[in-house]
Amino acid sequence: MMGKNTLLITLAWLLLVAYFVTCSYAANTTPADRVVHPEGCRCCLFNFSKPLITCVKVCCGQNCC
């Protein structure tokens, strides 16, 4: 069984690696498409393939989704 100090050091290293991976990935991504829709419009179809979820189809009428 690992000691308490060894476990704490391992956890600290894993958190540090996760931080650097997240920061390096965020620096290389393009900004998300920002679209402001008028009141009453909503997204009907989402694209989950990108790092950020984007809207593919917008519906502004009633019962159009």
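**Figure 1. Order of the secondary-structure elements along the chain.** From the N terminus on, the elements follow the pattern α-β-β, and in this predicted model the chain holds one helix and two strands. The helix, H1, covers residues 4-28, while strand S1 takes up residues 42-47 and strand S2 residues 54-59. Of the 65 residues in the chain, 5% are buried, and the surface that the chain exposes comes to about 6100 Å², with carbon and sulfur atoms supplying 65% of that area. Among contacts in the chain with a separation of 6 or more, 3% are accounted for by residues 24 or more positions apart.

**Figure 2. Close-up of the disulfide between Cys43 and Cys55.** The count of disulfides comes to one, and in this link the sulfur atoms of Cys43 and Cys55 lie 2.0 Å apart. The pair joins distant parts of the chain, with Cys43 in strand S1 and Cys55 in strand S2, 12 residues apart. The link of Cys43 and Cys55 is right-handed, with 110 degrees about the S-S bond. Cys43 counts as partly exposed because its relative accessibility is 24%, which falls between the 20% limit for buried and the 50% limit for exposed residues. Cys55, with a relative accessible area of 35%, is likewise partly exposed.

**Figure 3. Close-up of a nonpolar surface patch.** The patch, of about 760 Å², is made by Ile9, Trp13, Leu16, Val17, Tyr19, Phe20 and Val21. Val17, one of these residues, is found in helix H1. With a relative accessible area of 47%, Val17 is partly exposed, and Val17 can therefore count towards a patch, for which over 30% relative accessible area is required.

**Figure 4. Close-up of the aromatic pair formed by Phe46 and Phe48.** Two aromatic pairs are counted in the model, and the view shows the pair of Phe46 and Phe48, whose ring centres are 6.1 Å apart and whose planes make an angle of 40 degrees. The arrangement of Phe46 and Phe48 is classed as tilted, because planes under 30 degrees apart would count as stacked and those over 60 as edge-to-face. The two partners fall into separate accessibility classes: Phe46, at 43% relative accessibility, counts as partly exposed, whereas Phe48 is exposed, with a relative accessible area of 59%.

How values were computed:
Residues are numbered from 1 along each chain as its sequence is written. This is a predicted model: local features need pLDDT of at least 70, side-chain atom pairs count only at pLDDT 80 or more; totals for chains, interfaces and linings use all residues. Side-chain values use heavy atoms; hydrogens and water are left out. Helices (H or I, at least four residues) and strands (E, at least two) are DSSP runs, numbered from the N terminus. Buried means under 20% relative accessible area, exposed over 50%, partly exposed in between (1.4 Å probe, protein chains only). Contact means heavy atoms within 4.5 Å. Accessible areas come from the Shrake-Rupley method with a 1.4 Å probe; for residues, only the protein chains shown count as cover. A disulfide is a pair of cysteine sulfur atoms within 2.5 Å. Patches are made of residues with over 30% relative accessible area and no salt bridge: like charges are joined within 9 Å, nonpolar side chains (Val, Leu, Ile, Met, Phe, Trp, Tyr) within 5 Å. A salt bridge is a side-chain nitrogen of Lys or Arg within 4 Å of a carboxyl oxygen of Asp or Glu. Rings of Phe, Tyr and Trp (its six-membered ring) pair if their centres lie within 6.5 Å; planes under 30 degrees apart count as stacked, over 60 as edge-to-face and the rest as tilted.
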